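Visitor: I would be grateful for a close look at a single part of this model. Please take one helix and describe it together with its surroundings.

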Amino acid sequence: MASKQVRELIVFYIGLAAYCVVIPILIIVNVTFSPEFHWFWFSLFGWGIALVIKGLKVFNLIPFMGRDWEERKMREYIAREEKNTVK
């Protein structure tokens, strides 16, 4: 479980680093080649929202996506399965 959490944290930090590098490049490209339409906002917000959601999940700040919830649901499904097989 700890190994999985560390991998998720590494993936999150890699995504955050990529965001911090790529978004300024996109802004520069957009302003340089087509300053009349600022399309970089789509990438900035779309990728940013996905990164925030991933961060909330990795740091266990979303109760319905946390590890406790996953374990509870797995136990619930296992209990239901055992109950159905006993009948």
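Guide: The following account concerns helix H2 and the residues on either side of it. The model is a predicted one. Helix H2 comprises 19 residues, 40-58, and spans 26 Å from its first C-alpha to its last, close to the 27 Å expected at 1.5 Å a residue. Its buried residues are Phe40, Leu44, Gly48, Leu51, Gly55 and Val58. Viewed down the axis of H2, these buried residues fall within an arc of 90 degrees, so they line one face of the helix. Phe42 and Ile49, on the other side of H2, are exposed.

Ahead of the helix, serine 34 lies in the loop between helix H1 (2-33) and H2. Serine 34 has a relative accessible area of 16% and is therefore buried, the limit being under 20%. Beyond its neighbours within four places in sequence, serine 34 is in contact with Val29 and Trp39.

After the helix, phenylalanine 59 lies in the loop between H2 and helix H3 (67-86). This phenylalanine 59 is partly exposed, at 40% relative accessibility, whereas phenylalanine 12 is buried, at 9%. Phenylalanine 12 and phenylalanine 59 form an edge-to-face aromatic pair, with 5.7 Å centre to centre and 85 degrees between the planes. Because phenylalanine 12 belongs to helix H1 and phenylalanine 59 to the loop, the pair ties together parts that are 47 residues apart in sequence. Ring pairs link Phe12, Tyr13 and Phe59 into a cluster. Asparagine 60, which also follows H2, has a positive phi, near 55 degrees.

Definitions and conventions:
Residues are numbered from 1 along each chain as its sequence is written. This is a predicted model: local features need pLDDT of at least 70, side-chain atom pairs count only at pLDDT 80 or more; totals for chains, interfaces and linings use all residues. Side-chain values use heavy atoms; hydrogens and water are left out. Helices (H or I, at least four residues) and strands (E, at least two) are DSSP runs, numbered from the N terminus. The expected span of a helix is 1.5 Å times one less than its number of residues. Buried means under 20% relative accessible area, exposed over 50%, partly exposed in between (1.4 Å probe, protein chains only). The arc is that of the directions from the helix axis to the C-beta atoms. Contact means heavy atoms within 4.5 Å. Rings of Phe, Tyr and Trp (its six-membered ring) pair if their centres lie within 6.5 Å; planes under 30 degrees apart count as stacked, over 60 as edge-to-face and the rest as tilted.
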